[in-house]
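Subject: The structure we talked about

Hi there,

Here is the structure I promised to pass on. Please have a look at it first, and then read my notes underneath.

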Amino acid sequence: MQYVLYFLIAIGATTVGSLTGMGGGVIIKPLMDVLHGFDVQTIGVLSSLTVFSMSVVSIGKQMLARTKIPFGTAIPLALGSVMGGLAGEKLLQVIVDALRANSAVTVVQNVVLSLLILAVFLYMKNKSRIPSQELRGVVVSLLVGVFLGICSSFLGIGGGPINVALIIYLFSFDTKTATVCSLVTILFAQISKLTTVALTTGFGVFDLSIAPVMIVGAIAGGFIGASLNKKCSEAAVEKAFNAVQLLVLAISIFNIVRNLAA
């Protein structure tokens with residue numbers, strides 16, 4: 001039963017993640033916090049493995065479909081996210097060592113995630129009235145990528161809505177183009193995180209027994225989400241994006257309340 005549950009979480013989260021550019025970790029992380037089956041760092045690794053698998057499939061499918069990808073912006077964003085991913089992983093380790101309590105770390109992560117989700121939701125609902133920037137250049141893209149990589153790795157969310165909203169605002173891309181850029185950034189951020197784990201603690205210290213079923217779910221979700229992204233209109237993708245944000249915000253608030261009451 002446990003394997004079925006985590007498979008459903010993986011395929012559901014990555015389908016939505018591939019469709020909207022959120023990656024899936026923004027759903028997987030708080031849901032796994034709710035289930036209380038694994039510690040914070042193990043959840044982060046499981047989320048990264050799942051989101052990495054989804055992003056490889058999704059980007060590959062987008063490229064085969066000849067989707068326009070602004071590589072001049074996407075590649076520096078991705079490289080910046082690698083550096084940010086390393087910093088975010090170190091920051092998480094510092095917080096874990098300082099607090100020495102799984103519930104306290106979960107509260108910190110969910111508070112930060114809730115605030116970011118709320119800010120992104122308000123921006124997306126009002127972006128027609130907020131003038132976007134038209135930034136370009138390798139340095140700007142690298143710096144934005146570093147910030148996104150830190151958020152991705154520290155929160156264990158694989159990018160999430162923060163990527164899409166910030167890319168839309170700073171680079172004036174439409175939602176679908178921002179979605180593809182986000183997925184490229186997410187892919188590199190997860191490579192960074194998983195490489196860091198491999199070179200430091202290794203994977204043997206984590207309980208990854210459910211990883212295979214989550215990866216299978218992620219591969220399926222990557223195919224389904226990428227197909228839906230091609231078929232859905234810009235407005236439909238944006239509505240899905242906003243709906244998922246509200247869901248994640250509700251789950252995060254629940255996690256905060258439960259862990260503070262524990």
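Below is what turned up, going from the record to the core, the empty spaces and a few single residues. Please keep in mind that this is a predicted model.

**What the record says**

An unreviewed UniProt entry places the feature "transmembrane region" at residues 5-28, 40-57, 69-87, 107-124, 136-158, 164-189, 201-228 and 240-257. I looked at two of these stretches in the model. Residues 107-124 are 100% helix and 0% strand, with the end C-alpha atoms 25 Å apart. For residues 69-87 the figures are 89% helix and 0% strand, and there the end C-alpha atoms lie 27 Å from each other.

**The core**

The largest nonpolar core is made up of 61 residues, and M32 and M214 have the most contacts inside it. Helix α8 provides the largest share of this core, with 9 residues. If you want a starting point for browsing, try M32: setting aside residues up to four places away in sequence, M32 touches Y6, G37, F38, I43, L46, I210 and M214. So the two residues with the most contacts in the core also touch one another, taking contact as heavy atoms within 4.5 Å.

**One cavity and a pocket**

How many cavities of 30 Å³ or more are there? The count comes to 1. The largest cavity has a volume of about 50 Å³, and its lining consists of M32, D33, H36, F38, I43, N102, T106 and N259. M32 therefore turns up again here, as do F38 and I43, which are among the residues that M32 touches; a lining residue is one with an atom within 4 Å of a cavity point. Helices α2 (25-35) and α5 (102-126) each supply at least two residues of this lining. By class, the cavity lining has 3 nonpolar, 4 polar and 1 charged residues.

The largest pocket has a volume of about 190 Å³. It is lined by 13 residues, of which E89, Q93, T196, T200 and T201 are the closest to its centre. Helices α3 (40-64), α4 (71-99) and α8 each give at least two residues to the pocket lining, with α4 giving the most, 4 residues. The lining divides into 4 nonpolar, 6 polar and 3 charged residues.

**Three residues to click on**

- N255 sits in helix α10 (residues 234-261). Is N255 buried or exposed? N255 counts as buried because its relative accessibility is 0%, and buried means under 20%. Apart from neighbours within four places in sequence, N255 is in contact with P30, D33, V34 and N110. D33 is also part of the cavity lining.

- V16 belongs to helix α1 (residues 2-20). With a relative accessible area of 23%, V16 is partly exposed. Its C-alpha atom is 7.8 Å from that of G221, although the two residues are 205 residues apart along the chain. Leaving out neighbours within four places in sequence, V16 contacts G21, I27 and V244.

- S172 lies in the loop between α7 (161-171) and α8 (175-199). Its phi is positive, about 60°, although S172 is not a glycine. Most residues other than glycine have a negative phi, so this one may be worth a look in your viewer. S172 is partly exposed, at 28% relative accessibility.

Happy browsing, and do write back with any questions.

Best wishes

Technical notes. Residues are numbered from 1 along each chain as its sequence is written. This is a predicted model: local features need pLDDT of at least 70, side-chain atom pairs count only at pLDDT 80 or more; totals for chains, interfaces and linings use all residues. Side-chain values use heavy atoms; hydrogens and water are left out. Buried means under 20% relative accessible area, exposed over 50%, partly exposed in between (1.4 Å probe, protein chains only). A nonpolar core is a set of buried Ala, Val, Leu, Ile, Met, Phe, Trp, Tyr and Cys residues joined through side-chain atoms within 4.5 Å. On a 1 Å grid over the protein atoms alone, a cavity is a set of points where a 1.4 Å probe fits but cannot get out, and a pocket is an open set with protein on both sides within 12 Å along at least five of seven lines; lining residues have an atom within 4 Å of a point. Grid points are joined across faces, edges and corners, and a volume is the space filled by probe spheres set on the points. Ala, Val, Leu, Ile, Met, Phe, Trp, Tyr, Cys and Pro count as nonpolar, Asp, Glu, Lys and Arg as charged, and the others, Gly among them, as polar. UniProt positions are given in the numbering used here, feature names are shortened, and annotations may be inferred rather than shown by experiment.
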